[in-house]
Amino acid sequence: MRYIIGCIVLMLAMAIQAQEANYFLLTYYPGASWNEAIPYDKQPGLKPHHEYVRELHVNDLIVMGGGVAEASRNQLSVMLIRTGSLEEAEKLASRDPGVQQRLVRAEVLPWDVTMSSLRFVRRKPIQPFKDPDQSFSIKRVDPESRLNIE
């Protein structure tokens, strides 16, 4: 019986934590060291940036993110991150090796999520990543949503 009560308390605590989460948009732009003559995937110093972003994602700090079409105000990518505060979100952005090398510039904006058809879930990869630049996909079908993420 204690086990069941403990599980219920844990589930309630996780639900409260999810409701009180702070969300921020982290947008990356080309930085001072970005070379416009070189394609995106050939930029020197991009691999440590990708490793850092992947680590944030694996540790559930990045909820979702991805590249932006080239014509979109010169943005490279946008991430939805979940942290405790704006200061914490800004620290995460400043610790990015790509930002430190001035390869990319990061902008953090608070985002008040008022509606969503997604339920954000915590997850860890099944296997460790061999190549941090290797793309991967997560397939999750949410029966309460019309969206299937793949």
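These legends walk through several close-up views of one predicted model.

The model is predicted, so local features are reported at pLDDT of at least 70 and side-chain atom pairs only at pLDDT 80 or more, while totals for chains, interfaces and linings use all residues. Residues are numbered from 1 along each chain as its sequence is written, and side-chain values use heavy atoms, with hydrogens and water left out.

**View 1. Four strands make an open sheet.**
Start with the sheet, whose strands follow the order β2-β3-β1-β4 with antiparallel pairing. The edges belong to β2 (62-67) and β4, each with a single partner strand, so one side of each has no neighbour in the sheet. On average, neighbouring strands here are turned by 20 degrees against each other, direction ignored. Strands (E, at least two residues) and helices (H or I, at least four) are DSSP runs, numbered from the N terminus. Two strands count as paired if DSSP finds at least two bridges between them. Angles run from 0 to 180 degrees between N-to-C directions, and the axes are lines fitted to C-alpha atoms, for helices over the stretch in contact.

**View 2. Strand β1 has β3 and β4 as antiparallel partners.**
Which strand is joined to β1 by eight bridges? That is β4, running antiparallel to β1. Two places to look for are Y28, whose bridge partner in β4 is A106, and Y23, which stands opposite W111 of β4. With β3, strand β1 pairs over seven bridges, also in the antiparallel sense; here L25 has L80 as its bridge partner. Strand β1 is mostly covered, with seven of its nine residues buried. Buried means under 20% relative accessible area, exposed means over 50%, and partly exposed lies in between (1.4 Å probe, protein chains only).

**View 3. Helices α2 and α3 meet the sheet.**
Helix α2 lies across β1, β2, β3 and β4, running at about 145 degrees to β2. Helix α3 packs on the sheet too, touching β1, β3 and β4. The direction of α3 makes about 165 degrees with that of β4. Contact here means heavy atoms within 4.5 Å.

**View 4. One side of helix α3 holds its buried residues.**
Helix α3 spans residues 86-94, and its residues A89, L92 and A93 are buried. Why are they on the same side of α3? They cover an arc of only 100 degrees around the axis, an arc taken from the directions from the helix axis to the C-beta atoms. The buried residues of α3 pack against β1 (22-30), α2 (46-58), β3 (77-83), α4 (97-100) and β4 (104-111). Look also for Y23 of strand β1, buried at a relative accessible area of 12%. Although Y23 and A89 are 66 residues apart in sequence, their C-alpha atoms are 8.9 Å apart in space.

**View 5. The largest nonpolar core draws on strands and helices.**
In soluble globular proteins, nonpolar side chains tend to be buried together. The largest nonpolar core here has 18 residues, and L26, Y28, M79 and I81 have the most contacts inside it. Such a core is a set of buried Ala, Val, Leu, Ile, Met, Phe, Trp, Tyr and Cys residues joined through side-chain atoms within 4.5 Å. The elements giving two or more residues to this core are β1, α2, β3, α3 and β4, and the largest share, four residues, comes from α2. Leaving aside residues up to four places away in sequence, L26 touches S77, V78, M79, I81, A93, A106, E107 and V108.

**View 6. W34 and Y40 form an aromatic pair.**
The structure holds one aromatic pair. The rings of W34 and Y40 are tilted, at 5.8 Å centre to centre and 45 degrees between the planes. Rings of Phe, Tyr and Trp (its six-membered ring) pair if their centres lie within 6.5 Å; planes under 30 degrees apart count as stacked, over 60 as edge-to-face and the rest as tilted. W34 is buried at 12% relative accessibility, whereas Y40 is partly exposed at 37%.

**View 7. D60 and R102 each have a positive phi.**
Most residues other than glycine have a negative phi. For D60, phi is near 65 degrees, and phi of R102 is also near 65 degrees. D60 sits in the loop between α2 and β2 and is buried at 9% relative accessibility. Its partner in this view, R102, is in the loop between α4 and β4 and is exposed, with a relative accessible area of 52%. Finally, D60 and I81 are 21 residues apart along the chain, with 8.3 Å between their C-alpha atoms.
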